[in-house]
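Welcome, and please get your viewer ready. We will go from selection to selection, with a word at each stop on what you should find there.

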Amino acid sequence: MNKNITWKLVVIVGILLIFMFGIFGNPMGWSGKGLVASMRDQIHLGLDLRGGTHLILQVQVNDAVNVDSDNAIARLKEDMRSRKISYAEITKPDPVNHPEAIVVKGVPPEQTSDFKNIVTDRLPDYEASSGTENSWTVSMKPQSMSDLKNRAVTQAIETIRNRIDALGVNEPVIQEHGLGAYQILVQLPGVDDPARVKEIMQSTAMLEIKQSLGGPYSSEEQALQDKGGVLPPDAVLMPGKTSATRDNEGGESWYLISRASAVTGRDLRTAEGSRDENGQPAVRFILTGDGGRKFYSFTSAHVGDYLAVVLDNKVQEVAVIKEPIRDTGIINGRFTEQQVQDLAMTLRSGALPAGIKYLEERTVGPSLGADSIKSGVRAAAVGMIAVLAFMLIYYRWAGVNADIALVLNLIILLGFMGYFGAVLTLPGIAGVILTVGMGVDSNVLIFERIREELRNGKTPSSAVEQGFAHAWITIVDTHVTTIVSAAILFIFGTGPVKGFATTLVFGLAANLFTAVFVSRVIFDWVLSRKQRGEALSI
Amino acid sequence: MEFFRNTNIDFLGKKWYFLAFSLVFSVAGLLSMGFWHGIPLGVDFRGGTLVYVKYAHTPDPSAIHNEIDRAGLKNARVQRYGVTSNNEVLISLDIQETSEQSLDKGKTEIIQALEGNVASANAGKQDLNNASSLALTNYLLEKDPLHLGSDANPRYTAIAKAIVDERDKVKSGVLGSIDELNGVVDGAVVASIKDGFFASDFGIRNVEIVGPQVGQQLRKQAILATLYSLAGMLIYLALRFEWIYGVAAVLTVFHDTLITVGIFSLLNREISLTVIAAILTLIGYSNNDTIVVFDRIRENIKLLRRENLADIVNKSINQTLSRTILTAGLTFLTVLALFLFGGEVLRGFSLALVIGILIGTYSSIAIAAPILVAYQEWRSERGKKPISMPVRTGGGPNQPKGPTMRKEKVKV
């Protein structure tokens, strides 16, 4: 045998082994079951095949901007007071659509430069522009705002990942969903009842401990009456937690809560499920060193006052401060055991920087996934056998050549998927089948050309050479067009569709190697064993 | 074995028949899109709630509809889904009942409505057919029917998994009765499960909820992806051949896409994300046959300088006819396997491929090449030179020795 051919055969066998390793890894066993198990270990199945939940979340980034501009207002008021700049009012005219815009009215013209200095010195992320009648619009710089929004998404992803990890979901996908603005894609394999997970992901878990200045009131009006019609400027009315399990269906309760927080969720070191003094489920938390000092100085100054535990702007509990507290506390509020565990977990994982909203939810039950695998594999087997058989009948020995190339094509495709950790979805299986159908096209193009050259009276070896040379460019052109559209699909698609694009691209790329190089080597090998003038079986 | 040998069909002479054929299908499709079924969009694009339910017996859609109606969901549609023997129904809600404020409200209400009757007869029990393995494990741990000691947790987790696997993988999602678990798990476990569970007559197979924002987003992306794909083809083919080849190929593919979508509209089949994936694939694949013919036209233009383009094109189509039919036929074979055996989930996708490959093959013979000839005739009528020589050289048999693969590779 020709040395050149031997060398090429070695390369082919080497590549075969490398990709076999990609498919099976170190096989757990040589039986059919062992091989399937090791294959499942290497090639990851998509949600549509293994069952699970796919969610798209919208991060309401304007929440984060609102928090920032609220803080900016507070700072502005404080600084203007301390520098004795008078103003009529400071408001946010449109917090829903323009949370970044603050309007300051009634700044005296002679204090304009002082005012502008405050904004440049104290609010570096904002800029002031003058409006009519001594009013100013202070709004967040576009760059700062987009940074803030992106940071909110990154933080939300981080927080959600912490929570999902704590729930023990295997191989979750949590990433920014590039196709929408400020969206997150979450895939939870094996989770077929997403209700609880969704609730845990969605809870903002913003914990604040604040002073309670009055309440409970049965309505907002009553609270207003109690305070003589005007609420103190540094306090807000907040609803209390209404629980369905409560005996007296009293309905609403309202508290007057100070705006400033003694400590917040950021000061937590840890939180865990526990019991309160009545043996009811409750969450016990421990503050960090810093937080503990803050809390101690606050509680020392307010012995005898009331303290409110506020979670997501709802008052969970109000208690009197009997003595200075250093670093531990308890949250109770008629929780069930499960709720206590979930709340402790969300508090540990940190607060979401902004609210989230669900935009899309798809749940594939495990029974559908199992059925999909069955039908996908069956269709692949039927399609593959049909193609292999046709090639054998139509091209005889050259058909064997094509079939070998095709099988190698599939091995490389699956090996690729194993190495790259690509996900096999149901449309992905369809992509494998299509690869067989489209891959064999290359062989047909080459073989038909060889037949044509033979009819024109060429010798077998010259016909093979001409056949490959002519078909090569056509094959590249056809592959490029298909790969271009599959690549666009890969960029635009998510989940199952992306899986389809993946297999198609990998499959066709591998096909360039198998249908052209491998098939050619086999032809050369066959020709090298033939006598001169002996016919080629094609 | 050989199917086509030395065919000599005058394809260009039949171009008016082809044109008529294409026009009939395009216009019928367009009329259906405009005045009949519209473009039937799947849940991915229009938004809404779909719940796929599998029953233990033959379901009665009107009875199910009544149950849901009683629960207060007035606009639900209930229809049989998939192969009849699978006992599946698809319950769908419009986008109006799928608000982003509480995305899964409709789904929850549907499931509650379906559970309504059975659940009230089995108050306090859980539905085994819709229980998660976690719920089963927790229940078993609490009841401890096998009186296990320290390793109770892993044992009961394994038992729960065996039960769920039996339900999902062997019984396709629905157990007819709890007795079917006998032989799968220990008798004591079955007895204990009977105390706390009942077997409803259905299981939820699949839920799809798409809010309005995502639907809109996906619609935009599907259109963009299709346009990018067409533009990509145009640019690549214009670079590799001449621009008129690119235009002809892209017009042909557009024709294929139009007819495929038109047939979906005529059949009132929904266009889902995977159907768009199939159409994008077709945009790439339909070009293959066109490229094979174009490559041959280019080669023959050099070989047969004296003949007019129409004869060259006819000859080229005939010379490549057998590979056009074979390549398309083999791909069609695999797509047909997908259509017949790939299951209901892929039905729309594989239908698009089946239609698209048939149309694509027809059009690469009947549309793409005639466009080239028509263009050339139009040029010569205006007194210009006939279509110029292709840009690329090489690869022609008139050269002394055929180029090797390696040399060609450098050019590509």
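Which domains does the domain assignment give for chain B? Select chain B in this predicted model and colour two parts: domain 1 covers 12–41 + 211–392, and domain 2 covers 48–209. Note that domain 1 is written as two stretches of sequence, 12–41 and 211–392.

**Stop 1: the two domains of chain B**

Place a marker at the C-alpha centre of each domain, and the viewer should report 46 Å between domain 1 of chain B and domain 2 of chain B. Now look for the contacts joining them: 5 residues of domain 1 of chain B touch 6 residues of domain 2 of chain B. On the domain 1 side, those residues are 1 nonpolar, 3 polar and 1 charged.

**Stop 2: chain B as a whole**

Show chain B as a cartoon, and you can trace 13 helices and 6 strands. Turn the chain along its principal axes, where the C-alpha trace spans about 95 × 50 × 40 Å. The radius of gyration of chain B is 30 Å, while a compact globule of 412 residues would have one near 22 Å. If you colour by burial, 45% of the 412 residues in chain B come out as buried. For contacts in chain B between residues at least 6 apart in sequence, 75% link residues at least 24 apart.

**Stop 3: chain A as a whole**

Switch to chain A, whose cartoon shows 14 helices and 18 strands. Its C-alpha trace spans about 110 × 60 × 40 Å along the principal axes. Here the radius of gyration is 35 Å, against a value near 24 Å for a compact globule of 538 residues. Buried residues account for 46% of the 538 residues in chain A. Among contacts in chain A between residues at least 6 apart in sequence, 70% connect residues at least 24 apart.

Next, colour chain A by its domain assignment: domain 1 is 3–51 + 366–529, domain 2 is 61–146 and domain 3 is 208–330. The C-alpha centres of domain 2 of chain A and domain 3 of chain A are separated by 30 Å.

**Stop 4: two ends of the numbering in chain A**

Select V11(A), which sits in helix α1 (residues 3–24) of chain A. Is V11(A) buried, exposed or partly exposed? V11(A) has 13 other C-beta atoms within 10 Å, so it counts as partly exposed. Now add V518(A) to the selection: although the two positions lie 507 residues apart along the chain count, their C-alpha atoms are 9.8 Å apart.

**Stop 5: strand β6 of chain A**

Zoom in on strand β6 (residues 136–140) of chain A, where 4 of the 5 residues are buried, so the strand is largely enclosed by the rest of the structure. Which strands pair with β6(A)? One of them is β4 (residues 101–105) of chain A, antiparallel to β6(A) over 4 bridges. To see this pairing, find V103(A), which stands opposite T137(A).

Strand β5 (residues 126–130) of chain A also pairs with β6(A) in the antiparallel sense, over 5 bridges. Pick S130(A) and you will find its bridge partner, W136(A), in β6(A). Together β5(A) and β6(A) form a hairpin with 5 residues between them. In the turn, stop at E133(A), which has a positive phi of about 50°.

**Stop 6: where chain A meets chain B**

Show both chains and highlight their contacts: 69 residues of chain A touch 66 residues of chain B. On the chain A side, β17 (356–364), α11 (366–420), α12 (426–455), α13 (460–492) and α14 (495–529) each supply at least two residues. The most come from α13(A), with 20 residues. Coloured by class, this side of chain A divides into 40 nonpolar, 17 polar and 12 charged residues.

Now follow β17(A) across to chain B, where it pairs with strand β6 (residues 202–210) of chain B in the antiparallel sense over 5 bridges. Select E361(A) and look opposite to find I209(B) in β6(B).

**Last stop: confidence**

Finally, colour chain A by pLDDT: the mean is 85, and 98% of the residues reach 70 or more. Residues 243–249 of chain A stay under 50, and the model has 3 contacts beyond four places in sequence for them. Where pLDDT is low, the predicted coordinates should not be read in detail.

How values were computed. Residues numbered from 1 in each chain as written. Chains lettered and ligands numbered in written order. Predicted model: local features only at pLDDT ≥ 70, side-chain atom pairs only at ≥ 80, totals over all residues. Domains from an automatic or database assignment. Contact = placed C-beta atoms within 7 Å. Nonpolar A, V, L, I, M, F, W, Y, C, P; charged D, E, K, R; others polar. Pairing = 2+ DSSP bridges. Rg over C-alpha atoms; globule rule 2.2 N^0.38 Å. Buried ≥ 20, exposed ≤ 12 C-beta atoms within 10 Å, placed from the backbone. pLDDT = per-residue confidence, 0-100.
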